[in-house]
Amino acid sequence: MKCYYIKSVNGKTAYEQREMPKPQPKAGELLVKVKAASLNRGEIMASISLHQVHEPHPAGGDCAGEVEAVGEGVTAFKPGDRVLGRARGSFAEYVIMAVAQAAPAPKNLSWEQAAAVPIVSITAYEAMCQYGKLKAGETLLVAGAASGVGMIAVQAGKYLGAKVIGISRSKEKLDKLRKIGMDIGIQAGGPGFADQVLKATDGKGVNLALNLIGGTVFPDLVRSLANQGRLAIIGYVDNTYKAEIDLETVHGKRLQIFGVSNALLPQPQRAEAMKGFARDLLPGFAEGKITPVIDKVFPFDQLPQAKDYVESNAQLGKVVVRMP
């Protein structure tokens, strides 16, 4: 079968197409015929130490497709079922997916849309629900709202009953975000937006903030939080990994700051996150209240070009590769 490996070339990641044997499912696994797979920024950012590629390995982290075969003891799925989920090596014609990382793909989603769901949506679930404890009536701030995780978070926040404020450097992207449910948009390409957030919340601040930008906006996000607010650190598109922290504000407001990353997450906790996502957010996709936003679809053979496009930061939503 055709597949891609990811490797390091001169300190940057690169994809290499290979021909490998078709895998076979073991107990508790599915063999999935991949229909589409999405690109996730974390895998291709060699500057993040947790994601550095020391040895070439199968590329891709999530996909959607049809179950081809099931391993011993699998009863939740059968051949022919539509599934989406996390699976290492998903940039391939076939991939092995653990049952604990699989979920039914809603019938109203195209293959490209379904492929754009798993990693970004589970990340949003962990940040907002599992750790962020977002409640109906609270205010959510998404810094980097036009990213894959950001656009799911905007819609999921509304689905959970929150007021949603989004930050993006692009007015055009903010206009599009309003069409999918964002209440307030703040145009900012870096720090200096905290006063606008406080003004939009009558000085109270937000209950939960998602940092998808990085260190340049961290101090403003801390300032933007309400009493007992929470701040999730998810991404670093600004390539800034360190920031000053106002300890007095963190202390006085009893703020909670946490990270969301799958790099060191044990399999039982990955399974718990997938289960929670399938329970709390996946119904929103099936009901059409949360819709993956696809920016661009590339043919499977153009995965390297898709990677270049993601690294250009031009997209609004997800970039997907489609199998022939």
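Colleague: Let's start with alanine 59: is it buried or exposed?

Modeller: Alanine 59 counts as buried, because its relative accessibility is 0%, and I should say at once that this is a predicted model.

Colleague: Where does alanine 59 sit in terms of secondary structure?

Modeller: Alanine 59 lies in a loop, the one that runs between strand E4, residues 57-58, and strand E5, residues 62-70.

Colleague: And what is alanine 59 in contact with, once its neighbours within four places in sequence are left aside?

Modeller: With those neighbours set aside, the contacts of alanine 59 are Tyr4, Tyr5, Ile6, Tyr15, Glu43, Gly89, Ser90 and Phe91. For glutamate 43, the C-alpha to C-alpha separation from alanine 59 is 8.3 Å, with their positions 16 residues apart in sequence.

Colleague: Moving to the cores, how many residues has the largest nonpolar core, and which have the most contacts inside it?

Modeller: The largest nonpolar core has 50 residues, and those with the most contacts inside it are Met128, Leu140, Val142, Leu177, Leu210, Phe277 and Phe285. At least two residues of this core come from each of helix H2 (111-115), helix H3 (118-130), strand E9 (139-143), H4, helix H5 (171-179), strand E12 (206-211), helix H9 (267-280) and helix H10 (282-286).

Colleague: Which element gives the largest share of this core?

Modeller: That is H3, which supplies seven residues, the largest share of this core. As general background, nonpolar side chains tend to be buried together in soluble globular proteins.

Colleague: Take leucine 210, then: which residues is it in contact with, leaving aside neighbours within four places in sequence?

Modeller: Leucine 210 is in contact with Ala127, Met128, Leu140, Leu141, Val142, Ala143, Ala153, Ala232 and Ile234 when those neighbours are left aside. Apart from the largest core lies another core, of 28 residues, and Tyr15, Leu39, Val83 and Ala87 are among them.

Colleague: What about cavities, how many are there of 30 Å³ or more?

Modeller: The count comes to one cavity of 30 Å³ or more, and the volume of the largest cavity is about 40 Å³.

Colleague: Which residues line the largest cavity?

Modeller: The lining of the largest cavity consists of Val120, Gly148, Met151, Ile152, Gln155, Thr291, Pro292, Val293, Gly317 and Lys318. By residue class, this lining of the largest cavity divides into five nonpolar, four polar and one charged, and helix H4, residues 148-159, contributes the largest share of the lining, with four residues.

Colleague: Switching topic, how many disulfides does a search of the whole structure find?

Modeller: The search finds zero disulfides.

Colleague: Why is there no bond for cysteine 3?

Modeller: The closest cysteine sulfur to that of cysteine 3 belongs to cysteine 63 and is 13 Å away, which is too far for a bond, given that a disulfide needs the sulfur atoms within 2.5 Å. Cysteine 3 is buried, with a relative accessible area of 4%, and cysteine 129 also counts as buried, at 16% relative accessibility.

Colleague: Any backbone angles to look at, say, what is phi of aspartate 202?

Modeller: Phi of aspartate 202 is near 55 degrees, a positive value in a residue other than glycine. Aspartate 202 is found in the loop between helix H6 (194-200) and E12, and it is exposed, with a relative accessible area of 70%. Asparagine 239, which is not a glycine either, has a positive phi of about 60 degrees; its place is in the loop between strand E13 (225-233) and helix H8 (247-253), where asparagine 239 counts as partly exposed, at 47% relative accessibility.

Colleague: And in helix H8, is threonine 249 buried or exposed?

Modeller: Threonine 249, which is found in helix H8, counts as buried because its relative accessibility is 18%, and the cut-off for buried is under 20%. Not counting residues up to four places away in sequence, threonine 249 touches Val222, Arg254 and Leu255.

Colleague: Where does valine 222 lie, and what does it touch?

Modeller: Valine 222 lies in helix H7, residues 218-224, and counts as buried at 3% relative accessibility. Not counting residues up to four places away in sequence, valine 222 touches Leu231, Thr249, Val250 and Leu255.

Key:
Residues numbered from 1 in each chain as written. Predicted model: local features only at pLDDT ≥ 70, side-chain atom pairs only at ≥ 80, totals over all residues. Heavy atoms only, no water. Buried < 20%, exposed > 50% of the residue type's maximum accessible area, 1.4 Å probe, protein only. 1 Å grid on protein atoms, 1.4 Å probe; cavity = no way out; pocket = protein on both sides within 12 Å on 5 of 7 lines; lining within 4 Å. Points joined across faces, edges and corners; volume = space filled by probe spheres on them. Nonpolar A, V, L, I, M, F, W, Y, C, P; charged D, E, K, R; others polar. Core = buried A, V, L, I, M, F, W, Y, C linked by side-chain atoms within 4.5 Å. Contact = heavy atoms within 4.5 Å.
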